[in-house]
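Work through these exercises with the structure open beside you. Try each task before reading its solution.

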Amino acid sequence: MNESANESVNRSVEELQRRLVEFAAARRWQPYHTPKNLAAALSVEAGELLEIFQWLTPEQAARVMDDPEGAHRVRDEVADVLAYLLQFCAVLGVDPLEALAAKIDRNELRFPVPDGPVGPPARSR
């Protein structure tokens, strides 16, 4: 991604975070938006996303977006997960894109591209 695109994405994330903060403030929810509560809410919403796929076969899961109702549920749960993650980051002062870029950098060092055939990653212990 070029510098201009990065700035645009950063502005978009910041704008969404601002809107979420304003939404909560207008409803006087800030006292409840503690790191612990937001982390718990994020976990619940991630669980609701998982619930959509819980008993599907891999083939059914790959086609979930083909069904309008299923696609709507997935988009709603993705939005809920992202909303709580962005609010969590705002409360703690974490730049989510910077954190992700740093994590990808660490993973590239931790899991170098193999010379031979690619298979599943080795499990860390």
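The exercises below concern a predicted model.

**Exercise 1. Length of a helix**

Task: Check whether the span of helix 4 agrees with its 25 residues.

Solution:
- Step 1. Find the limits: helix 4 covers residues 68-92.
- Step 2. Work out the expected span. The rule is 1.5 Å times one less than the number of residues.
- Step 3. For the 25 residues of helix 4, this gives 36 Å.
- Step 4. Compare with the model. The end C-alpha atoms of helix 4 are 36 Å apart, so the two values agree.
- Step 5. Look just past the end. G93 follows helix 4 and has a positive phi of about 75 degrees.

**Exercise 2. A buried charge**

Task: Describe the surroundings of E77, and find out which side chain of opposite charge is nearest.

Solution:
- Step 1. Place the residue. E77 sits in helix 4.
- Step 2. Judge its cover. E77 is buried. Other buried residues of helix 4 include V74, V81 and L86.
- Step 3. Look for a partner. The nearest side chain of opposite charge belongs to R73, 6.2 Å away.
- Step 4. Apply the cut-off. A salt bridge needs a side-chain nitrogen within 4 Å of a carboxyl oxygen. E77 has no salt bridge.
- Step 5. List the contacts. Setting aside neighbours within four places in sequence, E77 touches E45, E48, L49 and I52.

**Exercise 3. A salt-bridge network**

Task: Find out how many salt bridges the whole structure holds, then trace how they are linked.

Solution:
- Step 1. Count. The search finds two.
- Step 2. Take one pair. The side chains of E15 and R18 form a salt bridge, 2.4 Å from N to O.
- Step 3. Take the other pair. E22 and R18 also form a salt bridge, at 2.6 Å from N to O.
- Step 4. Join them. E15, R18 and E22 make up a network of salt bridges.
- Step 5. Check the spacing. E15 and R18 are three residues apart in helix 1, about one turn. E22 and R18 are four residues apart in helix 1, again about one helical turn.
- Step 6. Recall the geometry. An α-helix has 3.6 residues a turn, so residues three or four places apart point the same way.
- Step 7. Judge the cover. E15 has a relative accessible area of 35%, so it is partly exposed. R18 is partly exposed at 36%. E22 is partly exposed at 43%.

**Exercise 4. A surface patch**

Task: State which residues form a nonpolar patch on the surface, and give their accessible area together.

Solution:
- Step 1. Name the members. They are F23, W29 and Y32.
- Step 2. Give the area. Together they have about 350 Å².
- Step 3. Place one member. F23 lies in helix 1, residues 3-26.
- Step 4. Check F23 against the cut-off. Patch residues need over 30% relative accessible area. F23 has 40%, so it counts as partly exposed.

**Exercise 5. Sequence and space**

Task: For T34 and F88, set the separation in sequence beside the distance in space. Do likewise for E51 and A24.

Solution:
- Step 1. Place T34. It is in the loop between helix 1 and helix 2.
- Step 2. Read off its pair. T34 and F88 are 54 residues apart in sequence, and their C-alpha atoms are 7.9 Å apart.
- Step 3. Place E51. It is in helix 2, residues 35-53.
- Step 4. Read off its pair. E51 and A24 are 27 residues apart along the chain, with 27 Å between their C-alpha atoms.
- Step 5. Add the cover. T34 is partly exposed at 29% relative accessible area. E51 is partly exposed at 49%.

Technical notes: Residues are numbered from 1 along each chain as its sequence is written. This is a predicted model: local features need pLDDT of at least 70, side-chain atom pairs count only at pLDDT 80 or more; totals for chains, interfaces and linings use all residues. Side-chain values use heavy atoms; hydrogens and water are left out. Helices (H or I, at least four residues) and strands (E, at least two) are DSSP runs, numbered from the N terminus. Buried means under 20% relative accessible area, exposed over 50%, partly exposed in between (1.4 Å probe, protein chains only). Lys and Arg count as positive and Asp and Glu as negative; His and the chain ends are not counted. Contact means heavy atoms within 4.5 Å. Patches are made of residues with over 30% relative accessible area and no salt bridge: like charges are joined within 9 Å, nonpolar side chains (Val, Leu, Ile, Met, Phe, Trp, Tyr) within 5 Å. Accessible areas come from the Shrake-Rupley method with a 1.4 Å probe; for residues, only the protein chains shown count as cover.
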